Amino acid sequence: MRKVAFYTLGCKLNFSETSTIGRQFEEKGYKKVEFSDTPDIYIINTCSVTDNADKKCQKIVREAKKIAPNSYVAIIGCYAQLKPKEISELEGVDAVLGAAEKFRLLELLDGFVKDDAPKVLATEIKETKEFVSGYSMNDRTRTFLKVQDGCNYKCSFCTIPLARGKSRSATIADIIKNAEEIAATDTKEVVLTGVNIGDFGIIDGRRQERLIDLLKELDKVEGIERFRISSIEPNLLDEEIIEFCGQSDKFVPHFHIPLQSGSDKMLELMRRRYRTDLYKSRITEIKSQMPDACIGVDVIIGFPGETEEDFLDTYNFLNELDVAYLHVFTYSERPNTDAVHMDGVVPKAERAKRSKMLRILSDKKKRAFYESQIGTQRTVLFEHDIEEGKMFGFTENYVRVEAKYDPALVNELKDIELVKVNDQNIVEIKEPEIVYEKH
Ligand code: SF4
């Protein structure tokens with residue numbers, strides 16, 4: 001039996017796709033093994049958003065070759081779509097497959113026989129129209145279910161549309177079928193993933209279905225206790241969706257909403273499709289329907305043209321906003337984007353300073369949100385990982401908690417009371433005897 005190992009860089013969507021490809025291999029009789037387990041084949045799924053994607057890719061190939069010098073190495077994913085030729089020139093690479101080809105690995109690389117030169121199979125991204133559905137299945141605690149791919153927006157800093165193509169989705173019927181398969185595995189939580197989930201519903205180049213209808217159908221799937229939307233653009237998170245989540249027992253009160261800048265001038269330069277007033281109104285709406293909702297925010301600092309004043313607008317906007325944490329991205333130049341030609345480049349040291357300020361703000365916000373939850377009763381989904389005799393989990397509203405390790409609690413939903421925020425910004429819960437009643 002030939003052995004195959006996978007390595008994934010980047011987002012949840014990549015993880016979901018690696019997992020789908022892994023199942024294709026297993027169906028064909030390959031054995032999925034760990035990276036270090038001397039596999040015959042390595043599949044490395046890359047990301048274009050990662051800084052130094054080329055160096056990271058090279059490093060992983062080198063490590064693979066050290067473990068299994070005769071292995072076959074195939075590179076797939078966003079970076080493979082953007083720079084197929086460069087990747088094929090990295091030492092040790094046997095094949096590079098683009099966005100359209102990655103799901104046909106087994107057929108296209110027939111038997112994984114090494115050639116004199118690396119194979120490069122990457123059609124132009126505009127030819128990539130097919131949607132391949134799938135979900136990750138690593139442990140049973142949480143699964144990433146892919147519902148959408150690609151993006152029709154043209155944010156001036158982003159290479160994702162070039163790497164993943166036009167917006168397209170699975171049908172609701174297909175997604176429900178996948179969700180039912182997941183439900184049969186005793187998975188407790190499903191995270192909906194996509195590039196631009198709010199744009200769900202484009203099938204065969206035509207808008208045919210709506211996200212809200214997908215959510216309503218998923219809500220009826222028996223055997224899945226929780227659904228989480230990984231991220232959604234503010235202009236697409238409409239009142240109907242917010243209201244639905246507010247009433248649903250399964251869609252959790254947790255939203256991750258990219259803002260990118262708290263300055264309208266910067267939002268325009270970034271070519272985002274909303275301004276700060278819309279963003280703020282979405283937060284107000286969520287909080288009025290779900291006062292305990294956890295809201296996370298993506299923000300980019302150091303974008304060209306961002307003056308000290310613009311940055312302070314962002315800082316102050318976020319400081320006043322009722323959100324729980326920030327994901328701070330430091331702008332870095334990407335080839336083939338409009339932003340790379342813009343004036344007003346922010347010096348690297350200034351970018352680092354701004355990024356640090358926002359990271360400190362994020363820590364403060366998270367602590368304040370956690371503190372606001374102390375004394376409340378929540379439900380925690382306990383995970384597999386153990387650290388110094390402790391286990392961890394998240395509440396429905398995304399508070400990270402810790403408890404004494406108990407194997408019986410892994411992948412279990414338990415009602416608990418939040419007691420105290422500790423020095424690591426993790427919440428301690430009430431003593432196990434009181435806590436661990438059956439949900
Ligand atoms: S919405 Fe903008 S940032 Fe997000 S994937 Fe599309 S182009 Fe990129």
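**Contacts, sheet and salt bridges in a predicted model**

Trainee: Which residues does F255 touch, not counting residues up to four places away in sequence?

Mentor: F255 touches L237, C245, I286, M290, C294, I295 and G296, with residues up to four places away in sequence left out of the list. Contact here means heavy atoms within 4.5 Å. The model is predicted, and local features need pLDDT of at least 70, side-chain atom pairs count only at pLDDT 80 or more, and totals for chains, interfaces and linings use all residues. Residues are numbered from 1 along each chain as its sequence is written, and side-chain values use heavy atoms, with hydrogens and water left out.

Trainee: Where is the place of F255, and is F255 buried or exposed?

Mentor: F255 belongs to strand 15 (residues 254–260). Helices (H or I, at least four residues) and strands (E, at least two) are DSSP runs, numbered from the N terminus. With a relative accessible area of 1%, F255 is buried. Buried means under 20% relative accessible area, exposed over 50%, and partly exposed in between (1.4 Å probe, protein chains only). From F255 to I242 is 9.6 Å in space, C-alpha to C-alpha, and the two are 13 residues apart in sequence.

Trainee: Let us turn to the sheet. In what order do the four strands stand?

Mentor: The order is 7-8-11-14, in an open sheet with mixed pairing. Strand 7 (134–135) and strand 14 (226–229) are at the edges with a single partner strand each, so one side of each is left without a neighbour in the sheet. Two strands pair if DSSP finds at least two bridges between them.

Trainee: How many bridges join strand 11 to strand 14, and which residue is the bridge partner of V190?

Mentor: Strand 11 (residues 189–193) runs parallel to strand 14, and four bridges join them. V190 has F227 of strand 14 as its bridge partner.

Trainee: Which strands does helix 7 lie across?

Mentor: Helix 7 (residues 172–183) lies across strand 7, strand 8 (142–146) and strand 11, and runs at about 165° to strand 8. Axes are lines fitted to C-alpha atoms, for helices over the stretch in contact, and angles run from 0 to 180 degrees between N-to-C directions.

Trainee: Are there helix pairs to look at? At what angle do the axes of helix 8 and helix 9 cross?

Mentor: The axes of helix 8 (residues 211–219) and helix 9 (residues 239–247) cross at roughly 15° and come within 10 Å. Helix 8 is therefore roughly parallel to helix 9. Angles under 35 degrees count as roughly parallel, over 145 as roughly antiparallel, 65 to 115 as roughly perpendicular and the rest as oblique. Residues L211, I212, L215, K216 and D219 in helix 8 meet E240, I241 and F244 in helix 9.

Trainee: And at what angle do helix 12 and helix 13 pack?

Mentor: Helix 12 (residues 308–320) packs against helix 13 (residues 348–373) at an angle of about 10°, with the axes 11 Å apart. That makes helix 12 roughly parallel to helix 13. From helix 12, E308, F311, Y315, L318 and N319 meet residues in helix 13 including M357, L358 and L361.

Trainee: A change of topic: how many salt bridges are found in the whole structure?

Mentor: The whole structure has 32 salt bridges. A salt bridge is a side-chain nitrogen of Lys or Arg within 4 Å of a carboxyl oxygen of Asp or Glu. R142 and E189 form one through their side chains (3.0 Å, N to O). R142 lies in strand 8 and E189 in strand 11, so the pair ties together parts that are 47 residues apart in sequence.

Trainee: Is E189 buried or exposed?

Mentor: E189 counts as buried, at 0% relative accessibility. By contrast, E63 counts as partly exposed, at 31% relative accessibility. E63 meets K59 in a salt bridge (3.5 Å, N to O). K59 and E63 are four residues apart in helix 2 (residues 53–67), separated by about one helical turn.

Trainee: One last item: what is phi of F112?

Mentor: Phi of F112 is near 55°, a positive value in a residue other than glycine. Most residues other than glycine have a negative phi. F112 is found in the loop between helix 5 (105–108) and strand 6 (119–121), and is buried with a relative accessible area of 4%. N425 also has a positive phi, near 60°, and is found in the loop between strand 21 and strand 22.
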